[in-house]
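Reader: I'd like to go through this model and ask how each description is justified. Can you walk me through the reasoning as we look?

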Amino acid sequence: MKRLTRDQLAARVARDIPEGAYVNLGIGLPTLVGNHLPRDREIFLHSENGILGMGPAPAEGEEDWDLINAGKQPVTMVTGGAFFHHADSFAIMRGGHLDICVLGAFQVSAGGDLANWHTGEPDAVPAVGGAMDLAVGARRVFVMMEHQTRGGESKIVAHCTYPLTGIGCVSRIYTDLAVIDVSSDGLIAREWVEGLSFEELCARTAAPLKRADASSGA
Amino acid sequence: MIDKTLASPLEALAGLADGSTVMISGFGGSGQPNALIEALIETGARELTIVNNNAGNGETGIAALLKAGQVRKVVCSFPRQVDSHVFQGLFRAGRVELELVPQGNLAERIRAAGAGIGAFFTPTAYGTPLAEGKETRSINGRMYVLEYPIHADLALIKALQGDRWGNLVYRKAARNFGPVMATAAKKTVVQVDRIVPLDELDPEAIVTPGIFVTHLVEVGDTVLRGPQPKPPAAAGSA
């Protein structure tokens with residue numbers, strides 16, 4: 001079985017982002033997607049701290065600490081980019097203006113519930129940032145995560161056990177093993193990695209999967 | 001002649017009462033008014049409620065204010081950064097209260113305060129622990145949560161340039177919470193890199209009109225370029 005690397009997974013997500021899309025990439029793994037967007041497509045990257053038209057990281061020594069992304073790392077602007085204040089930025093996120101957001105997750109349920117902000121451990125300091133706003137506000141919510149925890153537990157579950165970020169908000173799940181759509185008909189596996197059978201994928205997934213008619217293997 | 005400029009940050013904060021609610025602009029370090037935060041520490045005001053996106057990092061700024069024991073409560077969206085150990089220590093010890101607010105609710109609740117809105121319904125956080133106990137309503141088949149405005153006694157803002165009437169322009173993404181916080185407080189104090197003559201700012205480009213500004217103080221160039229000694233790490237931030 002050829003599990004996707006983090007970069008292969010990012011490249012797979014990037015393939016599904018079309019020309020002209022307004023996109024927010026969450027912190028952590030989703031940020032990697034930016035490195036794999038095809039250069040011949042004009043895609044508008046939004047950052048919650050008031051940027052549309054975010055570009056890649058600057059060359060060393062060229063950092064400007066008033067120009068950072070949601071993860072507070074230095075970025076650049078593309079020609080044609082714009083700045084705006086926080087209420088406008090979250091109107092973009094909450095008002096249905098973004099075509100796609102890509103988020104990391106602890107768990108996604110069969111019904112598209114998302115848990116990605118808090119482990120719920122009593123000693124944990126909770127932090128939510130803009131995750132709940134993106135979950136309800138983007139037209140399509142892509143989740144990008146490892147299929148299983150390090151302990152081998154499925155992160156796709158019948159019902160989330162971690163505190164929720166949003167209800168029924170996830171459109172599509174990209175993991176290192178498969179691409180799975182969340183539909184009114186349940187979870188539909190669209191593709192899975194070479195050397196893994198559909199039955200093996202189901203065995204690694206703690207929620208029922210249906211097989212999309214048109215695909216097998218990727 | 002109207003002149004809202006003052007010579008020192010401390011002068012601008014004169015008369016701040018214990019128990020005040022203070023909004024502080026910034027997203028991490030970007031847009032954070034460090035000179036005003038230092039003056040806030042110097043006032044010695046206690047039992048403060050601080051409204052900011054984060055809860056301080058390192059040992060300076062909001063972290064220093066927390067360490068000085070002047071803060072009773074923090075209202076923020078993301079208090080968990082790699083170097084936010086001062087807040088985390090106080091929080092775990094039960095010495096500071098946290099109201100965790102989704103970032104969009106934080107921005108919109110502040111905007112609502114400035115715009116005279118009594119409350120609003122938003123789908124953000126519906127069905128999650130952050131909406132527990134709050135009023136909900138179904139509107140056109142979708143579930144919403146009732147959220148109330150956040151008003152402040154004082155807003156501390158960072159801008160790039162301002163004139164004596166208080167008109168402001170910002171620099172890049174350091175704008176973030178500044179323009180909305182400026183509208184939501186009884187008193188708004190701004191630190192600017194440079195105070196410019198009245199005719200210098202283009203009226204088409206002014207972001208915050210002077211009506212929202214009480215005082216402004218010139219602090220000199222604060223632009224930070226190049227690699228930082230310890231850049232905020234990728235993990236844990238928003």
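Reader: What makes Ala82(A) the bridge partner of Leu52(A), and how do you know that β3(A) and β4(A) pair?

Author: This is a predicted model, so everything here is computed from predicted coordinates. In it, Leu52(A) has its bridge partner, Ala82(A), in β4(A). Two strands count as paired if DSSP finds at least two bridges between them. Here β3(A), residues 51-55, shares four bridges with β4(A), so the pair qualifies. The two strands run antiparallel.

Reader: Why is the sheet in chain A called mixed?

Author: Strands of a sheet can pair either parallel or antiparallel. β1(A), residues 22-25, is joined to β2(A), residues 44-47, by three bridges, and these two run parallel. Tyr22(A) stands opposite Phe44(A) there. β1(A) also has three bridges to β5(A), residues 100-103, again parallel, with Leu25(A) partnered by Val102(A). Set those beside the antiparallel β3(A) and β4(A), and you have the mixed pairing of this open sheet.

Reader: What makes β4(A) and β13(A) edge strands?

Author: Each of them pairs on one side only. The order of the ten strands is β4-β3-β2-β1-β5-β8-β10-β11-β12-β13, with β4 (76-83) and β13 (209-211) of chain A as the edges. From one strand to the next, the twist averages 30°.

Reader: Why is chain A called as compact as a globular protein of its length?

Author: Its radius of gyration is 17 Å, and the globule rule gives 17 Å for 218 residues, so the value is close to what the rule gives. The C-alpha atoms of chain A fill a box of roughly 50 × 45 × 30 Å along the principal axes. Buried residues make up 48% of the chain, where buried calls for 20 or more other C-beta atoms within 10 Å of a residue's own.

Reader: How do you know which part of chain B gives the largest share of the side that touches chain A?

Author: A contact needs C-beta atoms within 7 Å, and 47 residues of chain B are in contact with 38 residues of chain A. The elements giving two or more residues to that side of chain B are α4 (85-92), α5 (103-115) and α6 (178-184). α5(B) gives five, the largest share. By class, this side of chain B has 23 nonpolar, 16 polar and eight charged residues.

Reader: What makes β6, β8 and β7 of chain B a sheet, and where does α5(B) lie?

Author: β6(B) and β8(B), residues 142-147, run antiparallel and share three bridges, which meets the minimum of at least two. One of the partnerships is Thr122(B) with Val145(B). The open sheet has the order β6-β8-β7, and β6 (120-122) and β7 (136-139) are its edge strands. α5(B) lies across β6 and β8, at about 165° to β6(B).

Reader: What makes Leu156(B) stand out in the largest nonpolar core?

Author: That core has 130 residues, and Leu156(B) is among those with the most contacts inside it, along with Val143(A), Met23(B), Ala155(B), Met181(B) and Ala184(B). β9(B), residues 152-162, gives the most to the core, with seven residues. Leaving aside neighbours within four places in sequence, the contacts of Leu156(B) include Val22(B), Met23(B), Ile24(B), Leu36(B), Ile37(B) and Val189(B). In soluble globular proteins, nonpolar side chains tend to be buried together.

Methods. Residues numbered from 1 in each chain as written. Chains lettered and ligands numbered in written order. Predicted model: local features only at pLDDT ≥ 70, side-chain atom pairs only at ≥ 80, totals over all residues. Axes fitted to C-alpha atoms, helices over the stretch in contact; angles between N-to-C directions. Contact = placed C-beta atoms within 7 Å. Nonpolar A, V, L, I, M, F, W, Y, C, P; charged D, E, K, R; others polar. Core = buried A, V, L, I, M, F, W, Y, C linked by C-beta atoms within 7 Å. Buried ≥ 20, exposed ≤ 12 C-beta atoms within 10 Å, placed from the backbone. Rg over C-alpha atoms; globule rule 2.2 N^0.38 Å.
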